[in-house]
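Work through the exercises below with the model open. Try each task before reading its solution.

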Amino acid sequence: MSRQEQKDNALVNAAGVSYADIIRTRRKQSGMNQEELGAKVNVGKNAVGAWESGRSRPDLSSVPVICEALGLSLDDFYGVRRKAPQKQEIPESFATRYNALTEYHRQIVLREMDALLEMQKAEKPAKRRFIRLFRNDLSACAGPSFAIGETRGEPVWIEETSLTVQADEMIRVSGDSMEPEYHDGDLVLVRHGASLRPGEIGIFTNGDAGYIKIYQRDGLHSLNPAYPTIVFSEGDDVRCIGKVLGTAEPEWFAADDELDELEAEKKG
């Protein structure tokens, strides 16, 4: 059967990949033969062969079981990428095609829709993983108005990402010296370290003053051209707190219901 024939017979997913290719490829990657896959999804070897040859498509009720057996998500199987739910009117094209169906075929569409609704109810959103990261209440800014010499704050739950797992603490930005990349009020992720390479952004202290700046050999630079380079003398007690990895996004922090669950797990 050609790809066009498969498409005409609804044997190709939304991304244009045939269900036959998806099932056959993932089955082989999993080291299973057709009989073994059939046993996992409670069908015979011939049914699997029909799927993989493109002669038929699995029933909707079998799809979640097939995906579980092959380590696939439903999104990957159907070739879709989900967007935030939006209330939409029924497209005119759908209504036109539905009205053109016989009553028998309309009942088939409705049964398929019911099956999809049941699958949707059974789906569980991916559970986010969190780590505890210290949020420093002190700030780093463009001028010597904020003390950062001592540590104050508390650990908070934040989503585990490629950036947050590298960080040792979060420090709040004060002022506009690092705009447009870092804004007043941003929480930046900081990995502790006593030195930086030229061109890297870090947190620095000089006495009670804290700074977020670009390190260069001639001093500490701002992204905002309105601010001059800060140059220190030999008598200044300048220290590097660490490297700025990026900004902690607001949506990364645990929501109230997630906090309740995390605290319960901690106590348990």
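**Exercise 1: The β5–β6–β7 strands**

In the hairpin of β5 and β6, 2 residues lie between the strands, and Gly207 there takes a positive phi near 70°. Helices (H or I, at least four residues) and strands (E, at least two) are DSSP runs, numbered from the N terminus. The model is predicted: local features need pLDDT of at least 70, side-chain atom pairs count only at pLDDT 80 or more, and totals for chains, interfaces and linings use all residues. Residues are numbered from 1 along each chain as its sequence is written, and side-chain values use heavy atoms, with hydrogens and water left out.

Task: Establish how β6 pairs with β5 and with β7, and why β6 counts as largely enclosed.

Solution:
- Step 1. Start with β5 (residues 201–206), which pairs with β6 in the antiparallel sense over 6 bridges. Two strands pair if DSSP finds at least two bridges between them.
- Step 2. Pick a bridge: Ile203 has Ile212 in β6 as its partner.
- Step 3. Turn to β7 (residues 219–221), joined to β6 by 3 bridges and running antiparallel to it. Here Tyr215 is bridged to Leu220 in β7. A hairpin of 2 residues links β6 to β7.
- Step 4. Check burial (buried is under 20% relative accessible area, exposed over 50%, partly exposed in between; 1.4 Å probe, protein chains only). In β6 (residues 209–216), 6 of the 8 residues are buried, so the strand is largely enclosed by the rest of the structure.

**Exercise 2: Two cores**

Task: Find which residues touch the most other members of the largest nonpolar core, and which helix gives the most to this core.

Solution:
- Step 1. Apply the criterion: a nonpolar core is a set of buried Ala, Val, Leu, Ile, Met, Phe, Trp, Tyr and Cys residues joined through side-chain atoms within 4.5 Å.
- Step 2. The largest nonpolar core has 18 residues, of which Leu37, Leu70, Phe77 and Tyr78 touch the most other members.
- Step 3. At least two residues of this core come from each of α2 (19–29), α4 (45–53), α5 (63–70) and α6 (74–78). α5 gives the most, with 4 residues.
- Step 4. Look around Leu37. Leaving out residues up to four places away in sequence, Leu37 touches Ile23, Arg27, Met32, Val48, Ala69 and Leu70.
- Step 5. Now look elsewhere: a second, separate core has 12 residues, among them Ile131, Leu133, Leu189 and Phe253.

**Exercise 3: Packing of α2 and α4**

Task: Describe how α2 and α4 pack, by angle and axis distance.

Solution:
- Step 1. The helices pack at an angle of about 120°, with axes 6 Å apart. Axes are lines fitted to C-alpha atoms, for helices over the stretch in contact, and angles run from 0 to 180 degrees between N-to-C directions.
- Step 2. That makes α2 oblique to α4. Under 35 degrees is roughly parallel, over 145 roughly antiparallel, 65 to 115 roughly perpendicular, and the rest oblique.
- Step 3. List the contacts (heavy atoms within 4.5 Å). Ala20, Ile23, Arg24 and Arg27 in α2 meet Trp51, Glu52 and Ser53 in α4.

**Exercise 4: Confidence**

Task: Which elements have the lowest and the highest mean pLDDT?

Solution:
- Step 1. pLDDT is the predictor's confidence in each residue, from 0 to 100. The chain mean is 82, and 86% of residues reach 70 or more.
- Step 2. By element, helix α1 (residues 3–8) has the lowest mean, 47, and β7 the highest, 93.
- Step 3. Treat residues 142–150 separately: pLDDT stays under 50 there.
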